[in-house]
Amino acid sequence: MRDLRVRARLAAVAGSLLLAVLLAAPALAATRDDGEEPGRGLSSGQALLIFIGVPLAVAVLLGLLTYLPSIARGPRYRPERTWTANPVWFGGPDDPEEALRLTSPEEIARTSRGGASAQW
Amino acid sequence: MPSGDAFTERQEQEITRALRVAWEESELRVSVFVGSSVGDPRAYAERLHTALGRDARSRVLVLVDPANRRLEIVTGEDVRRRLDDRAAALAALSMTTSFTVGDLTAGIVTGVRMLADAARRPRVLHQPSVS
């Protein structure tokens, strides 16, 4: 039983190899036609440029197209990442540092306040 | 380590417009601080609120602390009469919902709008008691 399974596997591997060779058979018909004059082969530099350089350039271009919009949009807040942006105060005092320095604990404690707290 | 701006120019305009609308339509002066709090967030928010100056009593401070994921809304003594803590909590809840999905601007704009709407409601002196 086990022997049979091993044989089936071997047959499958051999079959797929054979099939690949058979499918490539038309390549054997590539003989040179009359008047056909192949040019010089690619130098290794050209080959590198065409087969590695061009795909690389395409990949870089696609990458740029993907990331450019978000780069142009600027940093975006992501809850799972740490926050590194500069503090912003909308409608705050003209000189925030001076105003904060001038607030004393007594002054803060003097009035009552309301509001709400939340976490996310 | 601070680096870069929290908002793009357009986002800043959106927030500034929301604050202006709150003032024009509800006479509610809201100030929004986005940054890390120093020490306890609530205490820091109250410090920022006091730093708003002499008219702090009639102003609202919103502290958004993305680093600690904390939001604090501080209402001055006078504002509190037309903007109760329940309305502030409701706005806070709506804001944190946006923050959770990473949209600070939308959260702030919505929150400011909700605060302004709540503050606009005219005070009813003879309110039927609801039990």
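Modeller: Let's fix one term before we start: two residues are in contact if their C-beta atoms, placed from the backbone, lie within 7 Å. Keep in mind, too, that this is a predicted model.

Colleague: Fine. Then what do the buried residues of helix 1 of chain B pack against?

Modeller: Strand 1 of chain A is one part of the answer, and strand 1 (29-34) and helix 4 (104-120) of chain B are the others. The buried residues themselves are B:Q11, B:I15, B:A18, B:L19 and B:A22. They sit on the same side of helix 1 of chain B, because they cover an arc of only 90° around the axis.

Colleague: And which residues are exposed on the other side of helix 1 of chain B?

Modeller: There you find B:E9, B:R10, B:Q13, B:R17 and B:E24.

Colleague: How do I check the length of a helix like that?

Modeller: Count 1.5 Å a residue: the 18 residues of helix 1 (residues 9-26) of chain B should span 26 Å, and the end C-alpha atoms are 25 Å apart, so the two agree. Just after this helix, look at B:E27, which has a positive phi of about 55°.

Colleague: Over to chain A. What pattern does chain A follow along the sequence?

Modeller: It reads α-α-β-α-α-β, with four helices and two strands. Of the 120 residues in chain A, 6% are buried.

Colleague: How many of the 22 residues of helix 1 of chain A are buried?

Modeller: Zero, so to speak a helix that is hardly covered. Helix 1 (residues 2-23) of chain A reaches 32 Å from its first C-alpha to its last, close to the 32 Å expected.

Colleague: Now the interface. How many residues of each chain are in contact?

Modeller: On chain A it's 34 residues, touching 50 residues of chain B. Strand 1 (88-90), helix 3 (96-102), helix 4 (105-110) and strand 2 (114-119) of chain A each give two or more residues to that side. The largest share, six residues, comes from strand 2 of chain A. Sort the side of chain A that touches chain B by class and you get 16 nonpolar, 13 polar and five charged residues.

Colleague: Which strand of chain B is joined to strand 2 of chain A, and do they run parallel or antiparallel?

Modeller: Strand 3 (residues 70-75) of chain B, and they run antiparallel, joined by six bridges. For one pair to find on screen, take A:Q119, whose bridge partner in strand 3 of chain B is B:R70.

Technical notes:
Residues are numbered from 1 along each chain as its sequence is written. Chains are lettered from A and ligands numbered from 1 in the order in which they are written. This is a predicted model: local features need pLDDT of at least 70, side-chain atom pairs count only at pLDDT 80 or more; totals for chains, interfaces and linings use all residues. Ala, Val, Leu, Ile, Met, Phe, Trp, Tyr, Cys and Pro count as nonpolar, Asp, Glu, Lys and Arg as charged, and the others, Gly among them, as polar. Two strands pair if DSSP finds at least two bridges between them. The expected span of a helix is 1.5 Å times one less than its number of residues. A residue is buried if 20 or more other C-beta atoms lie within 10 Å of its own, exposed if 12 or fewer, and partly exposed in between; C-beta atoms are placed from the backbone. The arc is that of the directions from the helix axis to the C-beta atoms.
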